[in-house]
Amino acid sequence: MNRTQRLLELVNFLMNAQGPVSFRRVKDTFPDYHAENDESARRKFERDKETLRELGIVIQVVPDEEMEGSEGAAYLIDRAETFLPAVEFEEDEVLALLLLSRVARRIDHFPLKRDADQALRKNL
């Protein structure tokens, strides 16, 4: 697995977890974190977390004193801080998108053709 794939799968894993996830669980889930020793696996995980944070993914750390079983700190992605809320269009805005989409279909090289169609599909 390459690094990009590992980062995407880590985001997916942390977002879909039912609660904070311990490093041990992350390590058990991702073969890329299997290393000769825990320290090198931990450093790789820390680099990956830092990269995700640089990309705007908000990873919260839950201290071990708040965790049952005390496996150390645990991690989760704060969806509200990381992702934008869904855009809700008013009726007149949907009509404007519909008009734009119809015009775009008639012009072969319209720059926003695909974007207009996608926005319209999401709101109908």
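**Close-up views of a predicted model**

**View 1. The Lys27–Asp38 salt bridge joins two helices of the predicted model.** Lys27 and Asp38 form a salt bridge in which the closest N and O atoms are 2.2 Å apart. Because Lys27 belongs to helix H2 and Asp38 to helix H3, the pair ties together parts that are 11 residues apart in sequence. Lys27 counts as buried, at 16% relative accessibility. In general terms, side chains of opposite charge can pair when their charged atoms come close.

**View 2. Arg3 and Asp48 meet in a salt bridge between helices H1 and H3.** The side chains of Arg3 and Asp48 are 3.2 Å apart, N to O. Arg3 lies in helix H1 and Asp48 in helix H3, so the pair ties together parts that are 45 residues apart in sequence. Arg3 is partly exposed, with a relative accessible area of 37%, whereas Asp48 is buried, with a relative accessible area of 1%. Arg3 and Asp48 are also linked with Arg6 and Asp32 in a network of salt bridges. The structure as a whole holds 5 salt bridges.

**View 3. Thr51 of helix H3 touches Arg3 and Leu7.** These contacts leave out residues up to four places away from Thr51 in sequence. Thr51 has a relative accessibility of 17%. Thr51 therefore counts as buried, the limit being under 20%.

**View 4. Lys49 and Glu46 form a salt bridge within helix H3.** The side chains of Lys49 and Glu46 meet at 3.1 Å, N to O. Lys49 and Glu46 are 3 residues apart, about one turn of the helix. Lys49 is buried, with a relative accessible area of 3%, while Glu46 counts as partly exposed at 32% relative accessibility.

**View 5. The largest nonpolar core has 18 residues.** Leu10, Leu14, Val26, Phe45 and Leu52 have the most contacts inside this core. At least two core residues are supplied by each of helix H1 (3–16), helix H2 (23–29), helix H3 (38–54) and strand S3 (74–77). H1 gives the most to this core, with 5 residues. In soluble globular proteins, nonpolar side chains tend to be buried together.

**View 6. Phe45 is among the residues with the most contacts inside the largest nonpolar core.** Neighbours within four places in sequence are left aside in this view of the contacts of Phe45. The residues then in contact with Phe45 are Leu10, Phe23, Val26, Tyr33 and Tyr75. Leu10 and Val26, like Phe45, are listed with the most contacts inside the core.

**View 7. Three strands form an open sheet with the order S1-S3-S2.** The pairing in this sheet is antiparallel. Strand S1 (21–22) and strand S2 (59–62) are the edge strands, and each pairs on one side only. S1 and S3 pair over 2 bridges in the antiparallel sense, and Val21 stands opposite Tyr75 in S3. S2 and S3 pair over 4 bridges, likewise in the antiparallel sense. Across from Leu76 in S3 stands Gln60.

**View 8. Side chains of strand S3 point to either side of the strand.** Ala74 and Leu76 point one way from S3, and Tyr75 and Ile77 point the other way. Ala74, Tyr75, Leu76 and Ile77 are all buried. In a regular strand the side chains alternate between the two faces of the sheet. Tyr75 stands opposite Val21, and Tyr75 is also in contact with Phe45.

**View 9. Leu99, Val103 and Ile107 make a nonpolar surface patch.** The area of this patch is about 260 Å². Val103 is found in helix H5 (residues 91–106). Val103 is partly exposed, with a relative accessible area of 36%.

Key. Residues numbered from 1 in each chain as written. Predicted model: local features only at pLDDT ≥ 70, side-chain atom pairs only at ≥ 80, totals over all residues. Heavy atoms only, no water. Patch = residues over 30% accessible without salt bridge, like charges linked within 9 Å, V, L, I, M, F, W, Y side chains within 5 Å. Areas by Shrake-Rupley, 256 points an atom, 1.4 Å probe, with all protein chains shown as cover. Salt bridge = Lys/Arg side-chain N within 4 Å of Asp/Glu carboxyl O. Buried < 20%, exposed > 50% of the residue type's maximum accessible area, 1.4 Å probe, protein only. Core = buried A, V, L, I, M, F, W, Y, C linked by side-chain atoms within 4.5 Å. Contact = heavy atoms within 4.5 Å. Pairing = 2+ DSSP bridges.
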